[in-house]
Amino acid sequence: ILGDFRLNADIIKDESVDLIFTDPPYDRATIPQYEDLAKLAARVLCKGGSLICYVGHYAIPDILPLMTPHLTFHWVLCVLHTGGNKNFPGKNVMVAWKPLLWFTKGTRWNSTQIRDCISSEKGEKDKYHEWAQGTVDAGYCIEHLTRKRGLVLDPFCGGASTGEAALRLGRKFVAFEINGSTVKKARGRIKRIQEEVNGQDG
């Protein structure tokens, strides 16, 4: 869906989403949107559903107080970089992993064991989005935290890595993206994956 989730999410029914898996921008200006994300999750997640979001390491102390009034903090997951590490300016730290903050709506609905460290793959940045993640991270969480045919939501869609992972696992998917050209690429990707999945089913 082309548009800002904060303005368009009323089309998502209450308690209809198994998992929100998303990658907001890491700049300071976007930090307040994590509270908007948590408010949305509190409404649309099924009881016991999860919200998992990437965050910049530096922003965790600011983000947690925005989200915990609306959701239950569950855990921090580690996504290991499989490519090169990057220096974080001003901190003198070589960053080798990305944090995923995991929240739930009440008590988590299932008790499947989850590894808290995931080895990532390189995202298709040249093809879909300059900040694209791989599909492994989303796929692992979707496989273990959603029901068959459950709905996965991504309010910061980008190139639709989450969407590809969801469709390949037989889940439903809906997303929001504010950039028109990015939406066009994401829709093309989703259409291709749907055709592949339908062909396999046939």
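Which strands does helix 5 lie across, and at about what angle does helix 5 run to strand 9? In this predicted model, helix 5 lies across strand 1 (17-22), strand 8 and strand 9, and its angle to strand 9 is about 165°.

Those strands belong to an open sheet. Seven strands make up this sheet, lined up in the order 7-3-6-2-1-8-9 with mixed pairing. At the edges sit strand 7 (117-119) and strand 9 (172-175), each of which pairs on one side only. Going from neighbour to neighbour, the strands are turned by 20° on average, with direction ignored. Strand 8 (residues 151-154) and strand 9 run parallel and are joined by four bridges. As for individual residues here, D154 has A175 in strand 9 as its bridge partner.

Another helix also lies across strands: helix 3 (residues 60-67) spans strand 2 (45-54), strand 3 (72-80) and strand 6 (97-104). Helix 3 runs at about 15° to strand 6.

Back to helix 5, this time with a helix as its partner. Two packed helices are described by the angle between their axes and the distance between the axes. For helix 4 (residues 136-145) and helix 5 (residues 161-168), the angle is about 45° and the axes are 8 Å apart. The two helices, helix 4 and helix 5, are therefore oblique to each other, and their crossing is right-handed. On the helix 4 side, the contact involves A138, G139 and I142, which meet T162, A165 and A166 of helix 5. Sorted by type, the residues of this contact come out as four nonpolar, two polar and no charged.

Definitions and conventions:
Residues are numbered from 1 along each chain as its sequence is written. This is a predicted model: local features need pLDDT of at least 70, side-chain atom pairs count only at pLDDT 80 or more; totals for chains, interfaces and linings use all residues. Side-chain values use heavy atoms; hydrogens and water are left out. Axes are lines fitted to C-alpha atoms, for helices over the stretch in contact, and angles run from 0 to 180 degrees between N-to-C directions. Angles under 35 degrees count as roughly parallel, over 145 as roughly antiparallel, 65 to 115 as roughly perpendicular and the rest as oblique. A crossing is left-handed if the near helix is turned anticlockwise from the far one by less than a right angle, and right-handed if clockwise. Contact means heavy atoms within 4.5 Å. Ala, Val, Leu, Ile, Met, Phe, Trp, Tyr, Cys and Pro count as nonpolar, Asp, Glu, Lys and Arg as charged, and the others, Gly among them, as polar. Two strands pair if DSSP finds at least two bridges between them.
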